[in-house]
Amino acid sequence: MIKEVLVEAKRLLVEKGHTTRAFARDANGGVVGANNPHARCYCAFGAVRAAAVHLVGDSAAGDLVRRAVDALETQGNFGSLMAFNDKNPTDVVLALFDKV
């Protein structure tokens, strides 16, 4: 199920866009939650969260998000996924999803 979450998260990043310093942003650039229906672009963590909720529902998403983020974070020596997201361009963030 982790792979499915990562595939869906990458799809969100490609189709809706990538952002930094927020889980998601609306059409005006305002910060919104990853599951907000007005979300128009995501950070890597926000995309993972939105994908997990989409696939298994909000109440079951927490553990799946943690495992998916762990899978991404083990692919490099960069600390947290959120820090990696904020320090790298979109193509580098997307490439991380392909390593899992």
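**Entry 1: Arg11 and its partners**

I started with Arg11, which is partly exposed at a relative accessible area of 33%. A note to self before going on: this is a predicted model.

I looked up who pairs with Arg11 and got two hits. Glu8 makes a salt bridge with Arg11, with the closest N and O atoms 2.6 Å apart. Glu15 makes a salt bridge with Arg11 too, and there the closest N and O atoms are 2.5 Å apart.

Why do these pairs line up along the helix? Residues three or four places apart in an α-helix point the same way, because there are 3.6 residues a turn. Glu8 and Arg11 are three residues apart in helix H1, so about one helical turn separates them. Glu15 and Arg11 are four residues apart in H1, which again means about one helical turn.

Next I asked: are the two acids buried or exposed? Glu8 is buried, with a relative accessible area of 15%, since the cut-off for buried is under 20%. Glu15 counts as exposed at 56% relative accessibility.

I also pulled the total for salt bridges, and the count comes to seven.

**Entry 2: the charged side of H3**

I moved on to helix H3, residues 58-73. The side chains of Arg66 and Asp70 meet there in a salt bridge, 3.4 Å from N to O. Arg66 and Asp70 sit four residues apart in H3, so the spacing is about one helical turn. I checked exposure for both: Arg66 is partly exposed with a relative accessible area of 44%, and Asp70 is partly exposed at 33%. This pair belongs to a network in which salt bridges with shared partners join Asp63, Arg66, Arg67 and Asp70.

**Entry 3: H3 geometry and packing**

I wanted to see how the length of H3 compares with expectation. At 1.5 Å a residue, its 16 residues should span 22 Å, and the end C-alpha atoms are 22 Å apart, so the two agree. Where does H3 bend? The bend is at Leu64, by about 30°.

Then I listed the buried residues of H3: Ala61, Leu64, Val65, Ala68, Val69, Ala71 and Leu72. What do they pack against? I found H1, helix H2 (44-56), helix H4 (81-87) and helix H5 (90-98).

I picked Val65 from that list for a closer look. Val65 lies in helix H3 and counts as buried at 5% relative accessibility. Leaving out neighbours within four places in sequence, I find Val65 in contact with Phe45, Val48, Arg49 and Ala52. I also looked up its distance to Ile2: the two are 63 residues apart in sequence, and 8.3 Å apart in space, C-alpha to C-alpha.

**Entry 4: His18**

Last stop was His18, which I found in the loop between helix H1 (2-16) and strand E1 (24-25). Is this loop residue buried or exposed? His18 counts as buried, at 19% relative accessibility, because the line is drawn at under 20%.

Which side chains make polar contacts with His18? Asn85 does, at 2.7 Å between the side chains. Thr90 does as well, at 2.9 Å. I then took the wider contact list, not counting residues up to four places away in sequence: His18 touches Leu13, Cys41, Tyr42, Cys43, Asn85, Asn88, Pro89, Thr90 and Val93. Both polar partners, Asn85 and Thr90, turn up in that list.

Notes
Residues numbered from 1 in each chain as written. Predicted model: local features only at pLDDT ≥ 70, side-chain atom pairs only at ≥ 80, totals over all residues. Heavy atoms only, no water. Helix = DSSP H or I, 4+ residues; strand = E, 2+ residues; numbered from the N terminus. Buried < 20%, exposed > 50% of the residue type's maximum accessible area, 1.4 Å probe, protein only. Polar contact = N/O pair within 3.5 Å; in protein donor to acceptor, adjacent residues only side chain to side chain. Contact = heavy atoms within 4.5 Å. Salt bridge = Lys/Arg side-chain N within 4 Å of Asp/Glu carboxyl O. Expected span 1.5 Å × (residues − 1). Bend = angle between axes of the 7 residues up to and from the residue.
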